[in-house]
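Dear colleague,

I am handing over the structure that you will be working with. Please look through the sequence and the 3D view first, and then read the notes that follow.

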Amino acid sequence: MSGTLVLVRHGQSEWNLKNLFTGWRDVGLTEQGTAEALAAGEKLKARGLKFDIAYTSALQRAQKTCQLILDVVGQGDLKTIRDQALNERDYGDLSGLNKDDARKKWGEEQVHIWRRSYDIAPPGGESLKDTGARVWPYYLHEVQPHVLRGETVLVAAHGNSLRALIMALDGKSGEEIVKLELGTGVPVIYKLNADSTVAKKEVLEG
């Protein structure tokens, strides 16, 4: 029996627009971000997808994206689990800083290392490896069992928490996964076999 896992990065946030490091800071969606979430819902509705359960983070930009998608597919009251295990990577001392200002303070090369290295964390924050260390066990224990029972599951989360999931699902290396760009509001659909291997992957861009 195969199940379906749908991953969606939240729509554009207010701090995405301002080019700020966001991390665990709880900021809302922009008008564009709301539109992106609604468009994601329309794409999933067009596929005739109906969800059995939804998961999202403890941050409002992901929660709002999740709710907007469910509203569009006609499942606004679906059981939705919120957990900080799915939160964005914690950027520590970089949180709230403009990315250009951070480069001036620490240097372009150092900021690039913090942003694009798999296992090097910014001061007071998490690396992508650290993020995966909380995301993957949560997925294995809480989310995957539903998929393996043949259910259809929505996960609306963040660029780096979803990278951590995709790294494991796609069998990518740390070097490969940091190069992966996830568009805001772009659904990624996985069909999983009963042994948890990926039968099919589809990205609903455009």
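Arg116, Arg163 and Glu181 are joined in a network of salt bridges. Please note that this is a predicted model. Within the network, the side chains of Arg163 and Glu181 meet in a salt bridge, with a distance of 3.9 Å from N to O. Arg163 belongs to helix 7, whereas Glu181 sits in the loop between helix 8 (174-177) and strand 5 (187-192), so this pair ties together parts that are 18 residues apart in sequence.

Are the two partners buried or exposed? Arg163 counts as buried because its relative accessibility is 7%, and the limit for that class is under 20%. Glu181, with a relative accessible area of 55%, is exposed, since that class begins over 50%.

As background, side chains of opposite charge can pair when their charged atoms come close. How many salt bridges does the count give? The count comes to 7 salt bridges.

Another of these pairs is formed by Arg47 and Glu202, whose closest N and O atoms are 2.8 Å apart. Arg47 lies in the loop between helix 2 (31-46) and strand 2 (53-56), while Glu202 lies in strand 6 (residues 198-203), so the salt bridge ties together parts that are 155 residues apart in sequence. Arg47 is partly exposed, at a relative accessible area of 45%. Glu202 also counts as partly exposed, with 24% relative accessibility.

Arg149 and Glu151 form a further salt bridge, and here the closest N and O atoms are 3.6 Å apart. Arg149 counts as partly exposed at 48% relative accessibility.

I turn now to the largest pocket. The space in this pocket is about 410 Å³. Its lining is made up of 20 residues, and those closest to the centre are Arg9, Asn16, Glu88, Lys99 and Arg115. What kinds of residue form the lining? The lining divides into 8 charged, 8 polar and 4 nonpolar residues.

Two helices deserve your attention here. Helix 5 (108-116) and helix 7 (159-170) each supply at least two residues of the lining of the largest pocket. Helix 7 gives the largest share of that lining, with 3 residues. Helix 7 is also where Arg163 lies, so you may wish to begin there when you open the model.

With kind regards

Terms used:
Residues are numbered from 1 along each chain as its sequence is written. This is a predicted model: local features need pLDDT of at least 70, side-chain atom pairs count only at pLDDT 80 or more; totals for chains, interfaces and linings use all residues. Side-chain values use heavy atoms; hydrogens and water are left out. On a 1 Å grid over the protein atoms alone, a cavity is a set of points where a 1.4 Å probe fits but cannot get out, and a pocket is an open set with protein on both sides within 12 Å along at least five of seven lines; lining residues have an atom within 4 Å of a point. Grid points are joined across faces, edges and corners, and a volume is the space filled by probe spheres set on the points. Helices (H or I, at least four residues) and strands (E, at least two) are DSSP runs, numbered from the N terminus. Ala, Val, Leu, Ile, Met, Phe, Trp, Tyr, Cys and Pro count as nonpolar, Asp, Glu, Lys and Arg as charged, and the others, Gly among them, as polar. A salt bridge is a side-chain nitrogen of Lys or Arg within 4 Å of a carboxyl oxygen of Asp or Glu. Buried means under 20% relative accessible area, exposed over 50%, partly exposed in between (1.4 Å probe, protein chains only).
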